[in-house]
Amino acid sequence: MAERVLVALLLAFCVAIYLKKRKQLGLPLPPGPSGLPFLGSVLKWPKGHAWVEFNEWTKEFGDVVHISMMGNHVVILGKYSSAKLFLDKSTVASRPQFPMAGDLMGLAATMVLAPHDPHWKKMRRLTHIFMGKNYVEEFSGVLQSSSKDLVTMMYKESAKPWNNWDPLRKCIGEQIFTSLAENALDRISYALIVGSFWVDAFPTLKYIPPWFPGAHFRRHGADTRHRVFDMVNLPFEHVKKDMSGASCPPSVTRNMLERLTEEKDTDESGAKWATGSLYGAGMEPVYAAMTTLILAMVLNPSVQEKVQAELDGVTGKKRLPTYEDRDELPYFSALLQETLRWHPPIPLGVPHCTTSDETYLGFSIPQNSTVFANLWGIGRDGSIYREPESFRPERFLGPDAELSPENWVFGFGRRACVGTHYARLSLFIYAASILQTFEIAVPDGITVQPEFSPNTNSFALPFPVKFVPRVDWLEALKGSVP
Ligand code: HEM
């Protein structure tokens, strides 16, 4: 008898929680795929490339889609206008908890995953100052010289086709950081896909001891956590050591530390986590965009010819292009935009979290909802982009130019990307240098299908690709770097 009472009480408790979670503000939840009681639509959550399935849900249910995951509310905004309007609100500026990536892997204090709290505000303030347009352009010399290294290395490797992106990845992330962090970055990108780890659905699993059978995720988390701390600490300590000596080259870390000294602020953790976050958050999407660009060039040889003709006209094939050339390279600039639209580096952005009950377009969106903007879906929206499947840089030129993806590919509201200027600069320099120096092609007899990784940062899956030198590269490099 006592057992039955206990079970009944337990059930009543679960129902109460379930009903509380479903409590409306007099308005219905947005429509979405149906689910089972308590479990919600866990079984319908897409296994990979969730952005494609989410886009289908947008077509079926509308701009705002709701899905329940074990009683947690997940909202998907599939259109540019709804994402912009909703995510611009100050009450949608936090992040959901990621038990695996945040707690177990140690990323909860990074700028990307930190909640909307004083620690995040301090990181954001410091970063805004030093990632602004003028500061960032100071780094164009460094990037220019790193792109020279990239094309030199590619030239050496140009005799045989590439089958992976390792050389590109290595060059884009500075060597010292890469060796410390690249493994961590792969793991992080995977851990951030909702559904990769059960612990994200059942947060209490994070308390299982690492030795427990089946608790592989705990050991994986702890190992990645070490790498994350190295990624954040080692470069920071390196700059501090240099600053105490005779010479220290300019860097974001140095600028932030100097600013803290001026402000007589002795708490360095904001600066440390901010710069660590920049490396982690910045390298992956730039690398992803570069792989997409290479794929697009192979699939669209006429676009490649056109852009190379434009670059040749400006450089005379005698030097590498520089950021100062940008006003004379409209087609190339449109190519970069089309690359970001065609396959956004972070197709689902980074989810936001509501910090209060909201109403939107006649629906209720409860506090603590996880909110995604389907950036990939926005890029494929036929009401904004004509023939969205085709790769046409021309869409961004002339009086009828379509909406620039820069309006949405970097996210929305208070959590929008802080690295936009750096991203623009580095993509420009790397892409222009590669396209000026090489014809990008596939070996004879190979047909390439566009395929992308399912990770949060989604890159083109490697395929056999040749980089055929198209300039006397030694001549081209002479005098190209200031
Ligand atoms: C093409 C390159 C890039 C793309 C497409 C991109 C895109 C994004 C997106 C979609 C978000 C989430 C915005 C949101 O929550 O609404 C984001 C956040 C962020 N990005 Fe980028 N990003 C790029 C490059 C960079 C670079 C180069 C850096 C740093 C140097 C950087 C640093 C960050 C940081 C720190 C955040 C977290 C901001 C916060 O939560 O407060 N990103 N980025």
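## Elements and model

Helices are DSSP runs of H or I with at least four residues, strands are DSSP runs of E with at least two, and both are numbered from the N terminus. The structure is a predicted model, in which local features need pLDDT of at least 70 and side-chain atom pairs count only at pLDDT 80 or more, while totals for chains, interfaces and linings use all residues. Residues are numbered from 1 along each chain as its sequence is written.

The chain holds 18 helices and 8 strands. Of its 482 residues, 43% count as buried, where a residue is buried if 20 or more other C-beta atoms lie within 10 Å of its own, exposed if 12 or fewer do, and partly exposed in between, with the C-beta atoms placed from the backbone. Contacts are counted when the C-beta atoms of two residues, placed from the backbone, lie within 7 Å. Among the contacts in the chain with a separation of 6 or more, 75% join residues that are 24 or more positions apart.

## Surroundings of the ligand

The ligand is surrounded by 27 residues, of which the closest are Gly282, Pro285, Gly411, Cys417 and Gly419; a residue is near a molecule or strand if its C-beta atom, placed from the backbone, lies within 6 Å of it. Helix H13 (269-299) and H17 are the elements that give two or more residues to this shell, and the largest share, 7 residues, comes from H13. By residue class, the shell divides into 19 nonpolar, 6 polar and 2 charged residues, where Ala, Val, Leu, Ile, Met, Phe, Trp, Tyr, Cys and Pro count as nonpolar, Asp, Glu, Lys and Arg as charged, and the others, Gly among them, as polar.

Cys417 is found in the loop between helix H16 (375-379) and helix H17 (420-437). With 20 other C-beta atoms within 10 Å, Cys417 is buried, and, leaving aside its neighbours within four places in sequence, it is in contact with Phe410 and Gly411. An unreviewed UniProt entry carries the annotation "binding site" for Cys417; UniProt positions are given in the numbering used here, feature names are shortened, and annotations may be inferred rather than shown by experiment.

## Helices H13 and H17

The expected span of a helix is 1.5 Å times one less than its number of residues. For the 31 residues of H13 this gives 45 Å, which agrees with the 46 Å that separates its end C-alpha atoms. For the 18 residues of H17 the expected span is 26 Å, and its end C-alpha atoms are 26 Å apart, which agrees.

Both helices are mostly covered: 27 of the 31 residues of H13 are buried, and 16 of the 18 residues of H17 are buried.

## The sheet of S1, S2, S6 and S3

An open sheet of 4 strands has the order S1-S2-S6-S3, with mixed pairing. S1 and strand S3 (352-353) stand at the edges, each with a single partner strand, so one side of each is left without a neighbour in the sheet. Two strands pair if DSSP finds at least two bridges between them, and strands of a sheet pair through backbone hydrogen bonds, either parallel or antiparallel.

S1 and strand S2 (residues 72-77) pair in the antiparallel sense over 6 bridges. Within this pairing, Val65 has Ile76 in S2 as its bridge partner, and His66 stands opposite Val75 in S2. The hairpin of the two strands has 2 residues between them, and in it Met70 takes a positive phi near 50°. Strand S1 (residues 64-69) has 5 of its 6 residues buried, so it is largely enclosed by the rest of the structure.

## Loop residues

Leu39 is found in the loop between helix H1 (2-21) and helix H2 (50-61), where it counts as partly exposed with 13 C-beta neighbours inside 10 Å. Leu39 and Ser68 are 29 residues apart in sequence and 7.9 Å apart in space, C-alpha to C-alpha.

Asn368 is found in the loop between strand S5 (363-365) and strand S6 (370-373); its phi is near 65°, a positive value in a residue other than glycine, and with 15 C-beta neighbours inside 10 Å it counts as partly exposed. Glu387 lies in the loop between H16 and H17 and has a positive phi near 40°, in a residue other than glycine. With 9 other C-beta atoms within 10 Å, Glu387 is exposed.
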